[in-house]
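Q: Hi! Could you walk me through this one before I set up my calculations? I'll just throw questions at you as they come.

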Amino acid sequence: MSMNMNNIRIFMMVAEKLNITEASKALFISQPAVSKAVKNLETSLNIKLFIRDKHNGLTLTDAGKEILVLARQMKVIENKMHQIASQESKLLRGKVKVGAFPAASTNLLPGTIAAFRSKYPLVKIELMEGTLNQIKEWVGDRTVDLGIVASPFDAYQYEILAHDYMVAIIPENHPLKQTEIINFGEHQNEFIFCKGGHETAISSTLEEHHFILQENLTVQTADTLIHMVEQGLGIGIISNFTLSSVSHHLIVKDLIPRVTREVGVIAHSFEEVTPATKEFIQAMLELYKNKTTTL
């Protein structure tokens with residue numbers, strides 16, 4: 001059984017778009033050519049990769065989902081082969097696909113990209129932003145080459161880039177303005193939480209101190225949390241790392257018990273990533289690993 005790599009690349013784009021028209025536009029080829037490539041791949045594998053429905057469009061079959069993961073692995077290997085060849089000629093090329101949550105994109109990536117591009121200007125960088133769980137899934141199915149997430153890091157290989165902790169934020173006119181530290185146990189009913197992957201760290205810490213986490217109001221973004229707090233709707237709970245990536249004029253207070261977590265870079269294996277990805281990770285570690293200051 002022989003497979004055409006071009007058909008595999010077209011299949012990957014169709015699987016991403018789940019639309020023949022959109023895939024053809026992205027690939028700059030005709031719709032019939034896209035359909036033919038997918039059909040040829042299905043024939044060579046003797047399976048159905050997509051379920052075609054007039055109302056719901058295209059969806060991947062279970063086999064199609066598994067083939068997509070393998071196709072991405074093949075793409076990584078192909079990319080790695082080209083990069084090794086380029087590296088031998090001292091002109092590293094290719095692409096590095098990075099998954100990061102917004103605060104990491106703001107705090108960690110600008111410096112990393114600048115340092116990396118100064119050495120490897122021919123390497124393209126593609127950034128995908130998402131939630132911590134999304135990024136772990138992207139690393140898992142090899143949608144991205146590396147991810148920047150907060151602990152826990154699950155089963156992935158990781159390097160810690162920054163130490164983070166939770167803080168409270170209040171407006172200038174809040175009754176606790178003169179209070180040095182805000183106690184979790186004393187103000188449970190006033191807290192506003194921001195979804196940011198810190199839930200596990202907070203729950204674990206509070207359980208150790210026999211507190212029960214009560215989520216009275218939960219929002220999705222740091223900007224929304226800040227607006228809620230500015231309107232006097234409660235005490236905002238947010239990670240210091242995330243807070244440092246957004247503009248605000250609120251008062252920041254420490255919390256007890258202290259809730260900590262780490263921000264790190266993850267991959268299946270740092271030894272198995274492409275040469276360009278390995279260099280990108282190295283640039284990041286040189287800038288941030290073992291720094292004593294917390295972002």
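Q: Thanks! Where does F28 lie?
A: Happy to help, and one thing up front: this is a predicted model. F28 is in the loop that runs between α2 and α3.

Q: What is phi of F28 near?
A: Phi of F28 is near 60 degrees, which is a positive value in a residue that isn't glycine. For context, most residues other than glycine have a negative phi.

Q: And the helices on either side, at what angle do α2 and α3 pack?
A: Helix α2 covers residues 20-27 and helix α3 covers residues 31-45, and they pack at about 105 degrees. Their axes are 8 Å apart. Angles of 65 to 115 degrees count as roughly perpendicular, so that is the label for α2 and α3.

Q: Nice. Which residues make that contact?
A: On the α2 side you have I20, T21, A23, S24 and L27. From α3 come Q31, V34 and S35.

Q: How does the contact of α2 with α3 divide by class?
A: There are 4 nonpolar and 4 polar residues in the contact of α2 with α3, and no charged ones.

Q: Switching to strands: how do β1 and β2 run, parallel or antiparallel?
A: They run antiparallel. Strand β1 (residues 50-53) is joined to strand β2 (residues 57-60) by 4 bridges. One pairing you can look up is R52, whose bridge partner in β2 is L58.

Q: What joins β1 to β2 along the chain?
A: A hairpin, passing through 3 residues.

Q: Now pockets, since I may want to dock something. What volume does the largest pocket have?
A: The largest pocket comes to about 770 Å³. Its lining counts 21 residues, and the ones nearest its centre are M12, K75, K95, K97 and E126.

Q: Which element gives the most to that lining?
A: That's α4, with 7 residues. Each of α1 (5-17), α4 (62-88), β3 (94-100) and β4 (123-129) supplies at least two residues of the lining.

Q: How many of the pocket's lining residues are charged?
A: 11 of them are charged, next to 6 nonpolar and 4 polar residues.

Q: What about enclosed space, how many cavities of 30 Å³ or more does a search of the whole structure find?
A: The search turns up 1. About 40 Å³ of space lies in the largest cavity.

Q: Which residues line the largest cavity?
A: K119, E279, Q282, A283 and E286. Helix α11 (residues 275-288) provides the largest share of that lining, 4 residues. By class, the cavity lining has 3 charged residues, 1 polar and 1 nonpolar.

Q: Last topic, for checking my input files: is the peptide bond from S151 to P152 cis or trans?
A: The bond from S151 to P152 is cis, and its omega is near 5 degrees. P152 lies in the loop between β5 (146-150) and β6 (157-170). There is also a cis peptide bond from I256 to P257, with omega near -5 degrees. Most peptide bonds are trans.

Q: And where is P257 found?
A: P257 is in the loop between β11 (251-256) and β12 (260-267).

How values were computed
Residues are numbered from 1 along each chain as its sequence is written. This is a predicted model: local features need pLDDT of at least 70, side-chain atom pairs count only at pLDDT 80 or more; totals for chains, interfaces and linings use all residues. Side-chain values use heavy atoms; hydrogens and water are left out. Two strands pair if DSSP finds at least two bridges between them. Axes are lines fitted to C-alpha atoms, for helices over the stretch in contact, and angles run from 0 to 180 degrees between N-to-C directions. Angles under 35 degrees count as roughly parallel, over 145 as roughly antiparallel, 65 to 115 as roughly perpendicular and the rest as oblique. Contact means heavy atoms within 4.5 Å. Ala, Val, Leu, Ile, Met, Phe, Trp, Tyr, Cys and Pro count as nonpolar, Asp, Glu, Lys and Arg as charged, and the others, Gly among them, as polar. On a 1 Å grid over the protein atoms alone, a cavity is a set of points where a 1.4 Å probe fits but cannot get out, and a pocket is an open set with protein on both sides within 12 Å along at least five of seven lines; lining residues have an atom within 4 Å of a point. Grid points are joined across faces, edges and corners, and a volume is the space filled by probe spheres set on the points.
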